[in-house]
Amino acid sequence: MFQRDPYSTREVLPDIITPNQSAFVPERLISDNILIAYELTHFLMNKREGKMGYAALKLDMSKAYDRVEWGFLEQMMRRMGFHEQWIAIIMECVTTVTYRVKVNGDLSESFTPERGLRQGDPLPPYLFLLCAEAFSALLKKGERDGLISGVKICSGAPSISHLLFADDSLILIRATEGDCLHLQNILQIYEECSGQVINKAKSAVMFSKNTKPQCKQKVCEFLEINRETTNEKYLGLPVYVGQSESNTFAYLKDRIWKRMQGWNEKFLSWAGKEILIKAVAQAIPTFAMGCFDLSKTLCDQISAMICRFWWNNQEGKHKIYWLSKDCLMKPKEEGGLGFRDIHCFNQAMLAKQV
């Protein structure tokens with residue numbers, strides 16, 4: 001009988017990858033990072049007292065997989081205690097790749113790269129985690145030595161200095177000159193060793209409400225990040241929800257509307273419309289509904305758009321709705337079409353999260 005190898009790379013990841021990374025690790029979810037990031041940024045946006053200000057940096061890695069140095073990857077596996085024979089097998093898989101480029105319809109001669117991990121293969125995502133663990137270790141060491149400090153949302157909560165999901169990085173530090181200088185030193189060491197490069201133009205920073213303007217200016221100057229924002233997205237979802245949830249998640253309604261506008265309803269059968277609504281239109285907000293409570297108003301607006309599309313009324317002109325929305329949402333066994341109740345599904349997704 002076939003049994004899984006307990007010493008395979010994927011099986012040992014939970015033991016060697018810190019909880020700050022949740023990508024591709026068994027029993028860790030992308031929603032873990034999103035919910036923690038939301039709690040941290042909510043704390044920052046509501047911190048109005050105290051002398052110490054905090055900063056949250058969303059760093060953008062430029063072509064992260066393509067820049068991984070092979071020597072760095074090999075040393076990381078050796079440092080983590082992998083067997084030399086295993087390391088040799090993995091490096092042979094990584095370094096024996098060849099490429100050919102098609103120019104004007106003709107293929108060039110094959111050539112071998114000197115660095116980078118192939119995207120699309122099952123192994124490189126796990127190998128990239130090993131490289132990113134070096135960045136996490138540098139940040140943790142700086143926090144242990146008191147050179148940088150993360151954010152604690154309350155007295156009994158743990159201090160969190162970084163959240164990593166593959167090449168998406170969220171760094172939290174004090175808005176002080178010392179923290180900025182040490183973080184800049186960590187980034188420089190990590191870039192030189194791993195080959196990674198931080199795209200400062202696409203990176204952004206968010207400050208707590210009590211951060212003084214002169215401190216904000218110094219942080220931006222030291223880290224060479226010029227974009228300050230409060231509505232940045234992390235892993236595809238907003239990191240801060242203001243007083244109006246409808247405005248924050250209005251982009252979901254826009255995405256559904258643009259997608260339905262591209263469907264020529266005149267050439268679609270009723271069965272084709274049903275498949276598109278269930279497989280595409282109602283699936284777009286699912287990711288956001290797994291983490292956030294969308295307002296009932298927004299859910300009703302999305303449902304109304306779907307109903308208009310079903311009854312050939314995208315332009316909002318007056319036409320007859322032969323069945324009510326409630327009838328369309330009933331199961332087919334009860335005479336409905338089985339369309340999803342967006343608001344109820346949102347509540348079910350949040351209950352699953354709990």
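**View 1. Cys193 and Cys291 in the predicted model, neither in a disulfide**. The cysteine sulfur closest to that of Cys193 belongs to Cys131 and lies 11 Å away, too far for a bond. A disulfide would need the two sulfur atoms within 2.5 Å. Cys193 is partly exposed, with a relative accessibility of 42%. For Cys291, the closest cysteine sulfur is that of Cys299, at 15 Å, which is again too far for a bond. Cys291 is buried, at 10% relative accessibility. The count of disulfides by this rule is 0.

**View 2. Helix 7 (residues 213–223) and its buried side**. Val219, Cys220 and Leu223 are the buried residues of this helix. They are on the same side of helix 7, because the arc they cover around the axis is only 95°. Pro213 and Glu221, on the other side, are exposed. The elements against which the buried residues pack are strand 1 (54–60), strand 5 (168–174), helix 6 (177–194) and strand 6 (204–207). Glu224, just after helix 7, has a positive phi of about 60°.

**View 3. Helix 3 (70–79) and the elements over its buried residues**. Trp70, Phe72, Leu73, Met76 and Met77 are buried in helix 3. These residues share one side of the helix, since they cover an arc of only 160° around its axis. Their cover includes helix 4 (84–95), helix 5 (124–144) and helix 6. Just after the end of helix 3, the phi of Gly81 is positive, at about 95°.

**View 4. Ser62 in the loop between strand 1 and helix 3**. Ser62 is buried, at 18% relative accessibility, the cut-off for that class being under 20%. With neighbours within four places in sequence set aside, the contacts of Ser62 are Arg67, Val197 and Asn199.

**View 5. Ile306 in helix 12 (residues 296–310)**. The relative accessible area of Ile306 is 3%, so this residue counts as buried. Apart from neighbours within four places in sequence, Ile306 is in contact with Met260, Ile277, Ala281 and Gln282. Ala281 is 25 residues from Ile306 along the chain, and the C-alpha atoms of the two are 7.6 Å apart.

**View 6. The whole chain, as context for the close-ups, with 14 helices and 8 strands**. Along the principal axes, the C-alpha atoms fill a box of roughly 70 × 60 × 50 Å. The chain has 354 residues, of which 43% are buried. Among contacts with a separation of 6 or more, 71% come from residues 24 or more positions apart. The accessible surface is about 19,600 Å², and carbon and sulfur atoms contribute 52% of this area. The chain carries 44 positive and 41 negative charges, and the mean positions of the two sets are 6 Å apart.

Definitions and conventions
Residues numbered from 1 in each chain as written. Predicted model: local features only at pLDDT ≥ 70, side-chain atom pairs only at ≥ 80, totals over all residues. Heavy atoms only, no water. Helix = DSSP H or I, 4+ residues; strand = E, 2+ residues; numbered from the N terminus. Buried < 20%, exposed > 50% of the residue type's maximum accessible area, 1.4 Å probe, protein only. Contact = heavy atoms within 4.5 Å. Areas by Shrake-Rupley, 256 points an atom, 1.4 Å probe, with all protein chains shown as cover. Lys, Arg positive; Asp, Glu negative; His and termini not counted. Charge placed at Lys NZ, Arg CZ, Asp CG, Glu CD. Arc of directions from axis to C-beta.
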